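Student: I would like a close look at one part of this model. Please take me through it in short steps.

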Amino acid sequence: MPQSHNLIAAFNEEREAVSAIVRNGIGKYALSLPGIDEITQLDDRIWRCMDSRTSGGLRFPPFIRKQDRAKSIRFAVEFGRKAKVSAVGHHLDCGAVGAYLEANSIKPTPQKPPFEYGREFAQDVADEVQVPCIEIPLQGEVGCHRERAVYYTSIDLDPSKEKRLPTGFVINREYTDAEHALIALRVALQIAFGPHGFGELFSGNQPFLVIVVAATQKEVDSLAQEVSASVARYGDRVKVDGLALSGR
Ligand SMILES: [Zn+2]
């Protein structure tokens with residue numbers, strides 16, 4: 001995303017929401033939102049990437065970097081089975097595919113662009129899980145990440161259902177282990193702070209939010225502990241907050 005008025009205008013759209021969360025905490029902020037109870041009701045079980053431009057359904061990046069393809073496929077198949085996905089999605093301009101190609105020193109070509117790697121991978125996973133493979137249409141611009149947050153969640157969650165929640169990546173931690181979920185978190189942070197995200201606009205007053213979500217406060221505390229080392233290098237430009245949704 002180029003440093004421009006558009007970028008700043010897009011950033012400012014959620015300035016108030018982020019300020020309120022920084023001031024009062026996501027727990028209090030969420031209580032004020034009429035649609036908060038709906039965010040745990042998924043409309044479908046189509047597996048979508050963590051990218052906010054592919055919102056809806058179940059979210060986790062199927063591509064995990066620093067693994068060879070066979071290991072990545074095995075991991076994804078296991079996730080897909082556990083999560084009982086109804087289809088495996090892939091999408092254009094996928095940062096997770098980009099990180100995977102880079103980590104494995106694979107150079108895409110015009111004949112085989114990153115999209116094609118993502119499509120092939122999703123197809124192989126879908127065949128193993130025995131569900132359809134589908135392209136998820138991109139809701140937003142290519143090369144433009146507007147995420148103000150990442151939702152790191154141990155329950156099914158679609159935060160895009162409540163428009164007053166910050167736009168965010170979603171990392172579903174329910175069907176995977178800490179190791180893989182934290183790799184996804186590091187990729188999400190790299191995208192948000194990189195040239196395609198808001199990058200330098202994040203500050204102590206307007207931090208990138210890591211919102212851990214779980215059924216109980218005890219689980220929230222444990223997930224917050226789990227992510228702490230991965231966010232440390234960003235200092236006060238990343239803020240970890242937690243939302244326990246039990247008893248709601
Ligand atoms: Zn993606």
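Student: Which strands does H8 lie across?

Tutor: H8 lies across E5, E7 and E8. This is a predicted model, where local features need pLDDT of at least 70, side-chain atom pairs count only at pLDDT 80 or more, and totals for chains, interfaces and linings use all residues. Residues are numbered from 1 along each chain as its sequence is written.

Start with the labels. Helices (H or I, at least four residues) and strands (E, at least two) are DSSP runs, numbered from the N terminus. H8 runs at about 165° to E8. Such angles run from 0 to 180 degrees between N-to-C directions, with axes fitted to C-alpha atoms, for helices over the stretch in contact.

Now the sheet under H8. Its four strands have the order E6-E5-E7-E8, the sheet is open, and the pairing is parallel. E6 (168-172) and E8 are the edge strands, each pairing on one side only. From one strand to the next, the twist averages 20°.

Look at the pairs (at least two DSSP bridges between two strands). E5 covers residues 149-153 and pairs with E7 in the parallel sense over five bridges. Here Val150 stands opposite Val210 in E7. On the other pair, E7 (residues 208-214) joins E8 (residues 238-244) over seven bridges, again parallel. Val213 has Leu243 in E8 as its bridge partner. Between these two strands the chain goes from E7 through H8, residues 217-231, to E8, and this β-α-β crossover is right-handed. Right-handed means clockwise from the first strand over the helix to the second, with the strands pointing away from the viewer.

H8 has a helix partner too. H7 (residues 178-193) packs with H8 at an angle of about 45°, with the axes 10 Å apart. H7 is therefore oblique to H8. (Under 35 degrees is roughly parallel, over 145 roughly antiparallel, 65 to 115 roughly perpendicular, and the rest oblique.) From H7, the contact uses Ala178, Leu182, Leu185 and Arg186; from H8, Glu226, Val227 and Ser230. Contact means C-beta atoms, placed from the backbone, within 7 Å. Those residues divide into four nonpolar, one polar and two charged. (Ala, Val, Leu, Ile, Met, Phe, Trp, Tyr, Cys and Pro are nonpolar; Asp, Glu, Lys and Arg are charged; the others, Gly among them, are polar.)

Next, set H6 beside this picture. There is an open sheet of four strands in the order E2-E1-E3-E4, with parallel pairing. E2 (58-59) and E4 (133-135) stand at its edges with a single partner strand each, so one side of each has no neighbour in the sheet. E3 (residues 87-90) runs parallel to E4, joined by three bridges. His90 stands opposite Glu135 in E4. H6 packs on this sheet, touches E3 and E4, and makes about 175° with the direction of E3.

H6 (residues 114-129) also meets helices. H4 (residues 69-82) packs with H6 at about 50°, axes 9 Å apart. H4 and H6 are therefore oblique to each other. Among the contact residues are Ile73 and Val77 in H4 and Val125 and Val129 in H6. The full contact holds five nonpolar, one polar and three charged residues. H5 (residues 95-103) crosses H6 at roughly 100°, with axes within 9 Å. That makes H5 roughly perpendicular to H6.

Key
Contact = placed C-beta atoms within 7 Å.
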